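Student: I'm new to this one and want to learn how the labels are earned. Can we go through it together?

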Amino acid sequence: MAVPARTCGASRPGPAPTALPWPGRGPQPGPGARRPPSRPPRPLLLLLPPLLLLPLLAAPGASAYSFPQQHTMQHWARRLEQEIDGVMRIFGGVQQLREIYKDNRNLFEVQENEPQKLVEKVAGDIEGLLDRKVQALKRLADAAENFQKAHRWQDNIKEEDILYYDAKADAELDDPESEDVERGSKVSTLRLDFVEDSNFKNKVNYSYTAVQIPTDIYKGSTVILNELNWTEALENVFIENRRQDPTLLWQVFGSATGVTRYYPATPWRAPKKIDLYDVRRRPWYIQGASSPKDMVIIVDVSGSVSGLTLKLMKTSVCEMLDTLSDDDYVNVASFNEKAQPVSCFTHLVQANVRNKKVFKEAVQGMVAKGTTGYKAGFEYAFDQLQNSNITRANCNKMIMMFTDGGEDRVQDVFEKYNWPNRTVRVFTFSVGQHNYDVTPLQWMACANKGYYFEIPSIGAIRINTQEYLDVLGRPMVLAGKEAKQVQWTNVYEDALGLGLVVTGTLPVFNLTQDGPGEKKNQLILGVMGIDVALNDIKRLTPNYTLGANGYVFAIDLNGYVLLHPNLKPQTTNFREPVTLDFLDAELEDENKEEIRRSMIDGNKGHKQIRTLVKSLDERYVDEVVRNYTWVPIRSTNYSLGLVLPPYSTFYLQANLSDQILQVKYFEFLLPSSFESEGHVFIAPREYCKDLNASDNNTEFLKNFIELMEKVTPDSKQCNNFLLHNLILDTGITQQLVERVWRDQDLNTYSLLAVFAATDGGITRVFPNKAAEDWTENPEPFNASFYRRSLDNRGYVFRPPHQDALLRPLELENDTVGILVSTAVELSLGGRSLRPAVVGVKLDLEAWAEKFKVLASNRTHQDQPQKCGPSSHCEMDCEVNNEDLLCVLIDDGGFLVLSNQNHQWDQVGRFFSEVDANLMLALYNNSFYTRKESYDYQAACAPQPPGNLGAAPRGVFVPTIADFLNLAWWTSAAAWSLFQQLLYGLIYHSWFHADPAEAEGSPEARESSCVMKQTQYYFGSVNASYNAIIDCGNCSRLFHAQRLTNTNLLFVVAEKPLCSQCEAGRLLQKETHSDGPEQCELVQRPRYRRGPHICFDYNATEDTSDCGRGASFPPSLGVLVSLQLLLLLGLPPRPQPQVHAHASRRV
C-alpha cells in the first residue's frame, strides 16, 4: 500500500549536534532514494515553548521519571558500541586471523584479477564454443538443401513405405484414445532402446533420429510422407557432427511443414493433455525463418461479426501474436466505421511477453457493432507503419486483417500508401462460415505481395496464423548465400528437458527449379538449429577467483541477459522465451543504463560505479562500489561483462607443495577432530570429476574424504586450485581455534557459537554442538551473511528470518541466535583483499537482558537505580520498560533486540509489524530509505480460469433468437457450431484445458508472475536527535541514533498511550503485482538494437502464389459423413490440416 502523507505519523525533528560517522557509507542517498525534507532539522531550542519542557515532563504513569535527555541516550549508545566491539575483538579473532595469514605467507600467493584480460579471454572461449556449433550448423544446412534437391517427389507414397522413430509413438500406444490407435496406424515405427545420458538429462539413442509431428497434422498425408522420406538422410550428418564434436547437444531440423527431426533420438515428453507443440511456433524457428517484423493487426468488429465468428477472430489474433518474437513490433486495432487501438498502446510496441499479454487481454473486450469500413482500418494501419518517430523493427512491414467479408477493395488507399513499391505486405483472413464473396479479400492480398487465408473453424486457426512466415521467407531464399547467416536466440526453456538454452539457427532453402529456365524456387524448407546449454557457457567463466560478489554476465541486442547470477526463473514455459532485462536483473540506475547501451552497441568499456545491490536473501539493500568491464563476443549478437568489487582485485592461491602439511591439514576435515577443533562444513564445489554430489553436507564431506583417500590434491582429475585452497583454509581456521576460541568461555559473554568462513570454501563452527543449529549455506559464496559482510565495514547483525505469516519464535523450546559477522581485511605488500569472514552467534534472551542493563542508569553491576518519591530521575530501558520502549533495529528495518520481553519472539520481523507508528516516523525522518523493484521470475499459484481466456476453450452457445433467425442458418453458423463440437470430441482439451496444462508441464500447478519487492536501507541521516510523533493527546517522544561500526539503529521511544494515531503501515513483504504500468513503459522504451541483417525485398520475387482458393473446402459428402459421425458419437478421422502448396511438391 502507498505510504500516507506525513500528517498524523509525521514527526518534528530535534537538534542534531553530534554527527556520527558511518564507515563505508557516503552521505548521499543511493539511486531511487527518497530525499530528506528540504528544510533541515530545527534545533530543539527553536521549537515551540511546550517542547522546551518535554525532556523534563514526567512520563505518564511514572510521575518521578522523565524522558531521558539526549546526552544520556548517547552515553547508552557508546556503552552498546563498546560492548559489541569488545566481544568481537575477544572472540571474533579478526586481528588474530590476520596474523595467522601472515605467519603462513609461504603457503599461498596473491594473484591479481585483471578485468580486461579476463573478460577478453572468456569472450574468446565462448566465441570458440559457439563457432564449433556454427560449423556443425552449416554442414547440416548444406546437406539438407542437397538432400531435398536430389529427392524425387512421390505422389503415391504410402505410410508403410516409411520407417522412422516416432517420438510420440510410445505415449500414443499407452493412450487408448490416441488417433493412431483408433485408426490403426500403418506407419512402420521403430522401437528403440535408450540409455541415460547426464548431458541431455534424458534417455537417448545415438544411432537414430526421432521425429515429432504436431497433433493437428495428419501423419499419412503425401506432403508429410515425402518430408519424412528426404529428411531421413540427415541422420548420418547428425551422427558425423557428434563424432567431430562430442559436446554437441540437440541437433534439430524444423520443417516448414511442421515436422521436427532431432538427434539423438529420445521419446517425446508426453503431456497430460493434448500436445500443442509445433516447431514453427518455437522462438528459435521464428527467428531463423524470417527477418524482424513490423506488424499491424486490424480486426473487423462490425455488426455482422458476432457470436462464433467474433470468438474465432479473438482467438486468431492471440495465436498470431504468439508467432512474434522480441525482435518484432506490433499493434492491434479494431475497426468498423472508425479504427481505434484495442489497448492503451497508440503506436507499434515491442512484441515482448508483457506487451503481448496486454494485447491478448484487450482483444477479449472487443464488441461487434456498426458497419464495415475497410478504409478506416487500412488507413490506421498504414499510418502506424509510417510513424518514424518511434522504435521499431524497420524490416518486414505487414498488415494482417481479420474479417468476415466485404465488398470494398479500398484500392484508393493502396494507391495512396503502398503503390507502386508495395513495401507493406497485406495478409487477409476470412473468418467464420459465411456466404460472402471473398474475391475482394483475395485481391487485396494478391495486389500487395501478401496472402489470403480462410479460417472457417477453430481447427484452422493455428495452421493459418503461422503460414505467413513462408511468404516472409521468400526474399531470404532469393538472397541465397547472403542470407545464410547464423543467428543466436534469446534464452528459452528446452522442450526436451535440457533446461535453459540458446540456439544457433540457420535457414534451409529450397534449391529446386520446376524445369530448365524456370524461376528459382522461393520457399524456405525450414530452420536448422543446434542447442547450447547455458551451463556449458557458464563453465567457461571463472568460478571462484572473482570472490563471492564478483560475477560474469552477458546480454543480447535486446538487453536480455544470457548469463547472470540473478537469472533464476522459478518456473518456465517453453512456449515463451526467458526474457530478463539486465536492468531488471540488477537494481536499475543511470550508470547501468549507460553500460547496457554500450554493450548493445558492441563497444568495449570499463566503469567504476556506486550502486545498490540486493542481498542474496532479498531482505536488504547495500550501497556498494563495483567495477564493470565489458567486451563484445565476436560473431554473435552477445556482449560479455565482468563485475568486480574493489576488494576482489586480488585473491589467494594456495601453494601446498609439502605433502606432509597437506596430510596434517586434511586431518582437520575428519569428523573425529570436530569435538576439539569445531565442526567443519565444506562448500559443495566440483573439486574432482568423480566426487559424488549431495545436498546433505555431512554426506558430501564423507564422499569427499573417501575420494581423497584414493587421489591426491594434485591429481589431474581434480581442480587443484579448489582443492589446495580448501585444505589451506582448513589449516588456517584450525589455527584460529587453537589461538583464540579453544581457551575462551563462550557462556561468559552469552555466545552460542563462534565461526569463520573463507573464500576457499570452509565454514568452521565452534563448539561442535553449535553445528546442530547452524542453518547457513555451507557454500560461503551463497551465504547472505558472508556476502553482506564483505560489502559492509564493521559488524553486521542479522536476526533470524521471520515471516509475518508464520508463528513467532518459540523461545522456550529453542535457543535463538543472532548472527554478528565482519570481514577480515588483509594488506599484503600493498595489495588489499578480504579472504574470510568471522563472527559470533549471540544468545537472544541473554543479550536482551544485557541490552537493558547497558541502556540503563546503572553505574555498577548492582541493583537497578531506584528513584525516590521526592527525587527526579530520567527513565531508562531497564527500570522503566513498562513506559519506555528501547530497541535495536538493523539497516533493513528488522528488529534485533528489545527491552520488551513480549517482543522477543518478534525478533527478525520487519519493525513496522511490531510498531507501525514508530517505524513510519523513522522513515519520515529519513533514517530509512525505501527501494522498490519487481521480480519478473517469480512463481505463483495458477489463477482460476476466467470466461475470457485467450485459449479456445469455450463453445459458442446460440440464443433462442439465433435459432429463430433464418439468416443464422443460411450463414452456416449452425454448421460451424457442429464443427466446433466435433473438434471438441477429438481434441477435448480445447474446451476445458488451460494452455499451460495442455502442454503437460509443471506450469499447470505454478505459473510465472511478477512480485513487487520492497527493501529499506539507512538513509542520509547520520545524526543523533530527538523528535516527537505529533498526534494530539497520543504524541510520542523518540530518540534515534546509529551505532558506530555496526548496521544497527538504537531507538528509544515512549510507549504509545492510545491507538488514535495509528498510521499506515510500511510494507516490506513481497507482494503479487502486475508490474509497472505497461502503457507508461512503452512511452519510454529501453534502448535496443535489432539484428544486423534484414531481408524484406527482392526484385525477382514471384507473388503470384497469394492464396487464391488455396484452402480445402470440404465436399458435400464429407460434410454429411462428419455430421453422421457426430450424431453417432463416433470419433472421426481428422482431415489433414497441412496446406500442401503446389510449390512444395518437387
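Student: Which hand does the crossing of α4 and α8 have?

Tutor: The crossing of α4 and α8 is right-handed. The rule: a crossing is right-handed if the near helix is turned clockwise from the far one by less than a right angle, and left-handed if anticlockwise. Before going on, note that this is a predicted model, where local features need pLDDT of at least 70, side-chain atom pairs count only at pLDDT 80 or more, and totals for chains, interfaces and linings use all residues. Residues are numbered from 1 along each chain as its sequence is written, and side-chain values use heavy atoms, leaving out hydrogens and water.

Student: What makes α4 roughly antiparallel to α8?

Tutor: Helix α4 (residues 115-150) and helix α8 (residues 234-244) pack at about 165°, with axes 10 Å apart. Angles over 145 degrees count as roughly antiparallel, under 35 as roughly parallel, 65 to 115 as roughly perpendicular and the rest as oblique. So α4 is roughly antiparallel to α8. Those angles run from 0 to 180 degrees between N-to-C directions, using lines fitted to C-alpha atoms over the stretch in contact.

Student: Which residues make that contact?

Tutor: On α4, A136, R139, L140, A143, A144 and F147; on α8, L234, V237, F238, N241 and Q244. Contact means heavy atoms within 4.5 Å. The residues of this contact divide into eight nonpolar, two polar and one charged. Here Ala, Val, Leu, Ile, Met, Phe, Trp, Tyr, Cys and Pro count as nonpolar, Asp, Glu, Lys and Arg as charged, and the others, Gly among them, as polar.

Student: Why are α3 and α24 called oblique to each other?

Tutor: Helix α3 (residues 94-103) and helix α24 (residues 720-741) pack at about 130°. That value falls in none of the named ranges, so α3 and α24 are oblique to each other. Their crossing is right-handed. Q96, L97, E99, I100, Y101 and D103 of α3 meet D729, I732, Q735, L736, R739 and V740 of α24, and the contact divides into six nonpolar, two polar and four charged residues.

Student: How do you know that L308 is buried?

Tutor: Buried means under 20% relative accessible area, exposed over 50%, and partly exposed in between (1.4 Å probe, protein chains only). L308 has 8% relative accessibility, so it counts as buried. L308 sits in helix α10 (residues 308-321).

Student: And what makes T763 buried?

Tutor: T763 has a relative accessible area of 2%, so it is buried. T763 lies in strand β31 (residues 762-766), and among the residues it touches are H679, F681 and W774.

Student: Why is α7 called largely enclosed by the rest of the structure?

Tutor: Eight of the ten residues of helix α7 (residues 222-231) are buried, so α7 is largely enclosed. Among those buried are V223, I224 and W230.

Student: S635 and S926: which is buried and which is exposed?

Tutor: S635 is exposed, with a relative accessible area of 64%, whereas S926 counts as buried at 1%. S635 is in the loop between β26 (621-632) and β27 (639-644), and S926 in the loop between α27 (916-924) and β38 (928-940).

Student: What is the phi of each, S635 and S926?

Tutor: Phi is near 70° for S635 and about 65° for S926. Most residues other than glycine have a negative phi.

Key: Helices (H or I, at least four residues) and strands (E, at least two) are DSSP runs, numbered from the N terminus. Lists of a residue's contacts leave out its neighbours within four places in sequence.
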